[in-house]
Amino acid sequence: MYFGTVIKNIRESQGFSLIDIQKITGINESQLCRIESGARFPTNEQIILLANIYNLDEKELLIQRDSDKLLETI
């Protein structure tokens, strides 16, 4: 999924490991891995946490997640 790929690329470009993000956000490493691989979508709360860490607009992330969810149903 597009959302997961974007989140993974941002994390890597900012030099964070999955463990780093887990420690900062409390989101389990396996959940983060599944989000980045497109196997699961993040909750609203997780998006807010990730947006704050990566200095992104949470509304844009919410829109992208919801767009990916919609495309998955087509």
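Here are some questions and answers about how the labels on this structure are earned.

This is a predicted model, where local features need pLDDT of at least 70, side-chain atom pairs count only at pLDDT 80 or more, and totals for chains, interfaces and linings use all residues. Residues are numbered from 1 along each chain as its sequence is written, and side-chain values use heavy atoms, with hydrogens and water left out.

Q: Why is G4 called buried or exposed?
A: Buried means under 20% relative accessible area, exposed means over 50%, and partly exposed is in between (1.4 Å probe, protein chains only). G4 has 1% relative accessibility, so G4 counts as buried. You'll find G4 in helix α1, where a helix is a DSSP run of H or I with at least four residues, numbered from the N terminus.

Q: Which residues does G4 touch, leaving out those up to four places away in sequence?
A: G4 touches I35 and E36. Contact here means heavy atoms within 4.5 Å.

Q: What makes R11 and E36 a salt bridge?
A: A salt bridge needs a side-chain nitrogen of Lys or Arg within 4 Å of a carboxyl oxygen of Asp or Glu. The closest N and O atoms of R11 and E36 are 2.6 Å apart, and the pair forms a salt bridge. R11 lies in helix α1 and E36 in helix α3, so the pair ties together parts that are 25 residues apart in sequence.

Q: Why is the R11 and E36 pair also called a polar contact?
A: A polar contact is a pair of N or O atoms within 3.5 Å; within protein, one must be able to donate a hydrogen and the other to accept it, and residues adjacent in sequence count only if both atoms are side-chain atoms. The side chains of R11 and E36 are joined by a polar contact of 2.6 Å.

Q: Are R11 and E36 buried or exposed?
A: R11 has a relative accessible area of 7%, so R11 is buried. E36 sits at 9% relative accessibility, so E36 counts as buried too.

Q: What about R11 and E12: how do you know that their side chains meet in a salt bridge?
A: Their N to O distance is 3.9 Å, and the side chains of R11 and E12 do meet in a salt bridge. E12 has a relative accessible area of 43%, so E12 is partly exposed.

Q: How many salt bridges does a search of the whole structure find?
A: The search finds three. One of them pairs R65 with D66, with the closest N and O atoms 2.9 Å apart. R65 is at 6% relative accessibility, so R65 counts as buried, while D66 is at 38%, so D66 counts as partly exposed. Meanwhile, salt bridges that share partners join R11, E12 and E36 into one network.

Q: What makes a set of residues a nonpolar core?
A: A nonpolar core is a set of buried Ala, Val, Leu, Ile, Met, Phe, Trp, Tyr and Cys residues joined through side-chain atoms within 4.5 Å. The largest such core here has 13 residues, and F3, I7, I21, L32, L50, Y54 and L61 touch the most other members. Helices α1 (2-13), α2 (18-25), α3 (29-37) and α4 (44-54) each supply at least two residues of this core. The largest share, four residues, comes from α4. In soluble globular proteins, nonpolar side chains tend to be buried together.

Q: Which residues does L32 touch, not counting those up to four places away in sequence?
A: L32 touches L18, I21, Q22, I27 and L50.

Q: Why is T25 called buried or exposed, and where does its side chain reach?
A: T25 has a relative accessible area of 14%, so T25 is buried. Its place is in helix α2. The side chain of T25 reaches the backbone oxygen of I21 at 2.7 Å and the backbone nitrogen of I27 at 3.0 Å. Leaving aside neighbours within four places in sequence, T25 is in contact with L49 and I53.

Q: Why is N52 called buried or exposed?
A: N52 has a relative accessible area of 55%, so N52 is exposed. N52 has its place in helix α4. The C-alpha atoms of N52 and T25 are separated by 9.6 Å, and the two residues are 27 residues apart along the chain.

Q: How do you know that I74 is exposed rather than buried?
A: I74 is at 79% relative accessibility, so I74 counts as exposed. I74 lies in the segment after α5 (58-73).
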